[in-house]
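Let's take a look at charged pairs and annotated spans in this one. Here's the model to keep open while you read.

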Amino acid sequence: MESVKKFWRNTNLSLKAGLILTAIFIVIGFGIYFLPHINPFTFNSYPGKLKPSSEHILGTTSMGQDVLWLLIEAIHNSLLIGLIVATIGTVAGVFIGLLAGFSGGILDRVLTVVTDTFIVIPSLPILILMTSFMKGTSTVFIMALVLAMFAWAWPSRQIRSMALSMRERDFIHTAWFSGEGTVQVVVTEILPYAFTWALSNFMNATLAAIASESSLAVLGLSPGNLISLGNMIQWARDRNAIFTKQWFWIGSPIVTTAVMFIGLFLLITGYNDYLSKKRGR
């Protein structure tokens, strides 16, 4: 408890604000989400176009859906997609990058060519093609796997550079000469240095994945059965929520997306500033 208080005292304002905002969304997406409620995707559960009230805090859509629970499920799914993509991209990127950097030779060249290929391939046309095939049949996990196809390449390139730099240091040579194997050297000597970088990359990848899915959804290219922040905006636009003055329907996902991005951005920049200050001591 004392260490937590000390950490909180030493953190900068950006990191504190980012932690608070991100924690709020996590509580909403993975706490409140599991409270008993009617499936918000079901049409005509309530009368349509109701104004905000104590029963329906954000009103209802023109299709009779509760906007608040639709928003809570959208937050849950968008966060889940971001976390799955970030986990796959970071873990795969770190593993492939370390393997390429420490193995050298043919394996390094092959992995580098594959990594560079995924970096230079324009991801948007492929994502559009794949999501078009999945329209109406996708799940959160499948959508995350599609986005994760392009989430590992940059982390792998960066961690490979780190591995190439560190493999020539004295403490690595000492570990080799003491009889440690490649896996043991990577786990005990390299991963502790890569952990802080991996955590920062994880947060950045989460933000990028949510942004990618939201962009596809607003363009009408995200699976139609997936409740996400981007799809919620798209559905409100298709149903002319602006012209019918249903401001809470279209406004709530837009404001939520903006605040979520601000929170994650503050978390990333605040964490990087915290690390820089910590190294300077």
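A residue counts as buried when its relative accessible area is under 20%, exposed when over 50%, and partly exposed in between. Keep in mind that this is a predicted model.

With that cut-off, R160 is buried because its relative accessibility is 16%. Its partner D108 is buried too, at 9% relative accessible area. The two side chains meet in a salt bridge, with N to O at 2.8 Å. R160 sits in helix 7 (residues 153-166) and D108 in helix 4 (residues 105-120), so this pair ties together parts 52 residues apart in sequence.

How many salt bridges are there by this rule? The count is two. The other pair to look at is D116 with R157, where the closest N and O atoms are 2.7 Å apart. This pair also links distant parts of the chain, with D116 in helix 4 and R157 in helix 7, 41 residues apart. As for accessibility, D116 is partly exposed at 26%, and R157 is partly exposed at 27%.

Why pair up at all? Side chains of opposite charge can pair when their charged atoms come close.

Now for the annotation. The unreviewed UniProt entry marks "transmembrane region" over several spans, including residues 79-103 and 247-271. Here is how those two look in the model:

| Span | Helix | Strand | End C-alpha atoms apart |
|---|---|---|---|
| residues 79-103 | 100% | 0% | 35 Å |
| residues 247-271 | 100% | 0% | 35 Å |

The record also lists residues 110-130 and 136-154, among others.

How values were computed. Residues are numbered from 1 along each chain as its sequence is written. This is a predicted model: local features need pLDDT of at least 70, side-chain atom pairs count only at pLDDT 80 or more; totals for chains, interfaces and linings use all residues. Side-chain values use heavy atoms; hydrogens and water are left out. UniProt positions are given in the numbering used here, feature names are shortened, and annotations may be inferred rather than shown by experiment. Helices (H or I, at least four residues) and strands (E, at least two) are DSSP runs, numbered from the N terminus. A salt bridge is a side-chain nitrogen of Lys or Arg within 4 Å of a carboxyl oxygen of Asp or Glu. Buried means under 20% relative accessible area, exposed over 50%, partly exposed in between (1.4 Å probe, protein chains only).
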